[in-house]
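Please walk through this structure with the salt bridges as the starting point, and then move on to the aromatic side chains and the surface.

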Amino acid sequence: QRRAAHHERERQRRRREAAGGSTEPAAEEATDVEAVSAADVLSGVEESGPNYALPTAREGQRERRERLRVDETAKQAGHTIVETGTHVEILGEQGLWWPATIAGREEDVDGRLVHEVEYDGYQGEQYWHMLDDEQWRRATAMPTPADGTNAAASTEGEE
(Lines give C-alpha, C1' and ligand atoms only; values in the text may rest on other atoms or scores of the structure.)
Protein backbone atom coordinates (compact mmCIF):
# COMPACT_ATOMS: atom_id res chain seq x y z
CA GLN A 1 0.00 0.00 0.00
CA ARG A 2 2.83 2.40 0.87
CA ARG A 3 4.76 1.32 -2.18
CA ALA A 4 1.75 1.95 -4.45
CA ALA A 5 1.30 5.45 -2.96
CA HIS A 6 5.00 6.16 -3.49
CA HIS A 7 4.83 5.04 -7.12
CA GLU A 8 1.76 7.22 -7.68
CA ARG A 9 3.54 10.28 -6.27
CA GLU A 10 6.57 9.56 -8.44
CA ARG A 11 4.35 9.26 -11.56
CA GLN A 12 2.76 12.63 -10.74
CA ARG A 13 6.17 14.21 -10.20
CA ARG A 14 7.43 12.87 -13.54
CA ARG A 15 4.29 14.19 -15.30
CA ARG A 16 4.83 17.67 -13.80
CA GLU A 17 8.49 17.54 -14.78
CA ALA A 18 7.67 16.49 -18.37
CA ALA A 19 5.10 19.29 -18.62
CA GLY A 20 7.87 21.75 -17.71
CA GLY A 21 6.32 22.65 -14.38
CA SER A 22 7.72 22.56 -10.90
CA THR A 23 8.71 19.22 -9.40
CA GLU A 24 7.23 20.34 -6.06
CA PRO A 25 3.73 19.04 -5.33
CA ALA A 26 0.85 21.48 -5.51
CA ALA A 27 -0.26 23.07 -2.24
CA GLU A 28 -3.47 21.00 -2.13
CA GLU A 29 -1.43 17.78 -2.41
CA ALA A 30 0.86 18.67 0.51
CA THR A 31 -1.82 18.97 3.19
CA ASP A 32 -0.21 16.34 5.47
CA VAL A 33 2.85 18.51 6.11
CA GLU A 34 2.91 20.90 9.04
CA ALA A 35 5.63 23.53 9.28
CA VAL A 36 7.23 23.64 12.74
CA SER A 37 10.01 25.95 13.83
CA ALA A 38 13.28 24.51 15.04
CA ALA A 39 12.81 26.31 18.37
CA ASP A 40 9.54 24.40 18.94
CA VAL A 41 11.22 21.09 18.16
CA LEU A 42 14.16 21.82 20.46
CA SER A 43 11.90 22.95 23.30
CA GLY A 44 9.96 19.68 22.96
CA VAL A 45 13.17 17.67 23.18
CA GLU A 46 14.28 19.75 26.16
CA GLU A 47 11.03 18.97 27.99
CA SER A 48 10.91 15.24 27.43
CA GLY A 49 14.50 14.35 26.62
CA PRO A 50 15.72 12.64 23.47
CA ASN A 51 13.61 9.84 22.05
CA TYR A 52 16.62 7.60 21.56
CA ALA A 53 19.52 6.13 23.48
CA LEU A 54 23.05 6.11 22.18
CA PRO A 55 24.23 2.59 21.39
CA THR A 56 26.67 1.12 23.86
CA ALA A 57 29.69 -0.82 22.78
CA ARG A 58 29.19 -4.55 23.01
CA GLU A 59 31.21 -6.24 25.73
CA GLY A 60 33.89 -8.45 24.21
CA GLN A 61 34.40 -12.05 25.24
CA ARG A 62 37.67 -11.29 27.03
CA GLU A 63 36.13 -8.42 29.03
CA ARG A 64 33.08 -10.53 29.91
CA ARG A 65 35.23 -13.40 31.18
CA GLU A 66 37.33 -11.02 33.27
CA ARG A 67 34.19 -9.38 34.73
CA LEU A 68 32.69 -12.76 35.58
CA ARG A 69 35.96 -13.91 37.16
CA VAL A 70 36.19 -10.77 39.31
CA ASP A 71 32.52 -11.09 40.31
CA GLU A 72 32.91 -14.75 41.28
CA THR A 73 36.04 -14.01 43.32
CA ALA A 74 34.25 -11.15 45.09
CA LYS A 75 31.17 -13.30 45.71
CA GLN A 76 33.28 -16.07 47.27
CA ALA A 77 35.04 -13.51 49.49
CA GLY A 78 31.67 -12.07 50.57
CA HIS A 79 32.21 -8.64 49.01
CA THR A 80 29.34 -6.40 47.96
CA ILE A 81 28.64 -6.51 44.21
CA VAL A 82 26.48 -3.74 42.72
CA GLU A 83 25.60 -3.85 39.02
CA THR A 84 26.82 -1.10 36.69
CA GLY A 85 24.15 1.53 36.14
CA THR A 86 22.59 1.11 39.59
CA HIS A 87 21.61 4.39 41.24
CA VAL A 88 22.85 4.60 44.83
CA GLU A 89 23.34 7.15 47.59
CA ILE A 90 26.55 7.24 49.60
CA LEU A 91 26.75 8.82 53.04
CA GLY A 92 29.33 11.60 53.03
CA GLU A 93 31.45 12.95 55.87
CA GLN A 94 29.00 15.83 56.33
CA GLY A 95 26.17 13.41 57.12
CA LEU A 96 24.52 14.01 53.73
CA TRP A 97 23.47 11.33 51.25
CA TRP A 98 25.14 11.93 47.87
CA PRO A 99 23.26 10.50 44.84
CA ALA A 100 25.47 8.63 42.40
CA THR A 101 25.53 5.94 39.73
CA ILE A 102 27.76 2.87 39.67
CA ALA A 103 29.86 3.27 36.51
CA GLY A 104 31.97 0.12 36.82
CA ARG A 105 33.82 -2.22 39.13
CA GLU A 106 37.14 -4.00 39.22
CA GLU A 107 39.49 -5.87 41.48
CA ASP A 108 41.84 -3.71 43.55
CA VAL A 109 45.51 -4.58 44.10
CA ASP A 110 44.63 -6.20 47.44
CA GLY A 111 42.01 -8.43 45.77
CA ARG A 112 38.98 -6.51 47.07
CA LEU A 113 36.22 -5.31 44.78
CA VAL A 114 36.09 -1.56 44.19
CA HIS A 115 33.24 0.26 42.44
CA GLU A 116 33.67 3.26 40.15
CA VAL A 117 31.12 5.87 41.19
CA GLU A 118 29.94 8.90 39.22
CA TYR A 119 28.22 11.41 41.48
CA ASP A 120 25.21 13.29 40.09
CA GLY A 121 26.36 16.73 38.95
CA TYR A 122 30.00 15.61 38.65
CA GLN A 123 29.86 13.73 35.32
CA GLY A 124 33.20 12.60 33.99
CA GLU A 125 34.91 12.63 37.39
CA GLN A 126 36.09 9.24 38.59
CA TYR A 127 35.70 8.17 42.21
CA TRP A 128 36.40 4.67 43.52
CA HIS A 129 34.72 3.22 46.60
CA MET A 130 34.94 -0.08 48.46
CA LEU A 131 31.24 -0.28 49.25
CA ASP A 132 31.93 -2.76 52.05
CA ASP A 133 33.66 0.11 53.90
CA GLU A 134 31.00 2.75 53.09
CA GLN A 135 27.50 3.37 54.30
CA TRP A 136 25.35 3.36 51.16
CA ARG A 137 21.86 2.60 49.94
CA ARG A 138 20.09 1.98 46.64
CA ALA A 139 18.30 5.09 45.45
CA THR A 140 14.69 4.50 44.51
CA ALA A 141 12.28 6.75 42.66
CA MET A 142 10.29 7.84 45.67
CA PRO A 143 8.53 11.21 45.95
CA THR A 144 10.43 13.92 47.78
CA PRO A 145 8.88 14.67 51.20
CA ALA A 146 7.48 18.13 51.95
CA ASP A 147 10.52 19.05 54.06
CA GLY A 148 12.76 18.78 50.95
CA THR A 149 14.89 15.88 52.17
CA ASN A 150 15.69 13.12 49.75
CA ALA A 151 13.91 9.81 50.33
CA ALA A 152 15.53 6.51 49.39
CA ALA A 153 15.06 2.91 50.40
CA SER A 154 17.84 2.18 52.83
CA THR A 155 19.90 -0.97 52.60
CA GLU A 156 22.59 0.44 54.91
CA GLY A 157 25.45 -1.08 52.96
CA GLU A 158 23.68 -4.35 52.26
CA GLU A 159 22.93 -5.75 48.82
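In this predicted model, R69 and E107 form a salt bridge whose closest N and O atoms are 3.1 Å apart. R69 belongs to helix α3 (residues 61-77) and E107 to strand β2 (residues 97-107), so the bridge ties together parts that lie 38 residues apart in sequence. Both partners are partly exposed: the relative accessible area is 38% for R69 and 29% for E107.

Strand β2 also supplies R105, which meets the side chain of E83 in a salt bridge with an N to O distance of 3.7 Å. This pair again links distant parts of the chain, since E83 sits in the loop between α3 and β1 (87-91) and R105 in strand β2, 22 residues apart. The two ends differ in their surroundings. E83 counts as partly exposed because its relative accessibility is 47%, a value that falls between the limits of 20% and 50%. R105 is buried, with a relative accessible area of 14%, and it counts as such because the limit for burial is under 20%.

A further salt bridge joins the side chains of E89 and R137, at 2.7 Å from N to O. E89 lies in strand β1 and R137 in strand β5 (residues 136-138), so this contact ties together parts 48 residues apart in sequence. E89 and R137 are both buried. R137 has another contact as well: it lies over the face of W97, 3.9 Å from the ring centre.

How many salt bridges does the structure hold? The count is 10. Among the residues involved in salt bridges are E10, R13 and E17, which are linked in a network. The numbers of these three residues place them within helix α1, which covers residues 2-18. Helix α1 has 17 residues and reaches 24 Å from its first C-alpha to its last, close to the 24 Å expected at 1.5 Å a residue. Just after α1, G20 takes a positive phi of about 85°.

The overall layout gives these contacts their setting. The protein has 3 helices and 5 strands, and along the sequence they follow the pattern α-α-α-β-β-β-β-β. Of the 159 residues in the protein, 18% are buried; E89 and R137 are among the buried ones, as is R105.

Another link between distant positions involves E134, which is found in the loop between β4 and β5. The C-alpha atoms of E134 and I90 are separated by 7.2 Å, although the two residues are 44 apart along the chain. E134 is partly exposed, at 27% relative accessibility.

Next come the aromatic side chains. A search of the whole structure finds 1 aromatic pair. It is formed by Y119 and Y127 in an edge-to-face arrangement, with 5.4 Å from centre to centre and 75° between the planes. The pair counts as edge-to-face because its planes are over 60 degrees apart. Is each of these tyrosines buried or partly exposed? Y119 is buried, with a relative accessible area of 12%, whereas Y127 is partly exposed at 32%.

Y127 leads on to the surface. Together with L96, W98 and Y122, Y127 makes a nonpolar surface patch of about 370 Å². A residue can belong to such a patch because its relative accessible area is over 30% and it has no salt bridge; Y127, at 32%, passes that area limit. Y122 is partly exposed, with a relative accessible area of 37%. Y122 is placed in the loop between β3 (113-119) and β4 (127-129). Y127 therefore takes part both in the aromatic pair with Y119 and in the nonpolar patch.

Note on methods. Residues numbered from 1 in each chain as written. Predicted model: local features only at pLDDT ≥ 70, side-chain atom pairs only at ≥ 80, totals over all residues. Heavy atoms only, no water. Patch = residues over 30% accessible without salt bridge, like charges linked within 9 Å, V, L, I, M, F, W, Y side chains within 5 Å. Areas by Shrake-Rupley, 256 points an atom, 1.4 Å probe, with all protein chains shown as cover. Salt bridge = Lys/Arg side-chain N within 4 Å of Asp/Glu carboxyl O. Helix = DSSP H or I, 4+ residues; strand = E, 2+ residues; numbered from the N terminus. Buried < 20%, exposed > 50% of the residue type's maximum accessible area, 1.4 Å probe, protein only. Expected span 1.5 Å × (residues − 1). Phe/Tyr/Trp six-rings, centres within 6.5 Å; stacked < 30°, edge-to-face > 60°. Lys NZ or Arg CZ within 6 Å of the ring centre and 35° of its normal.
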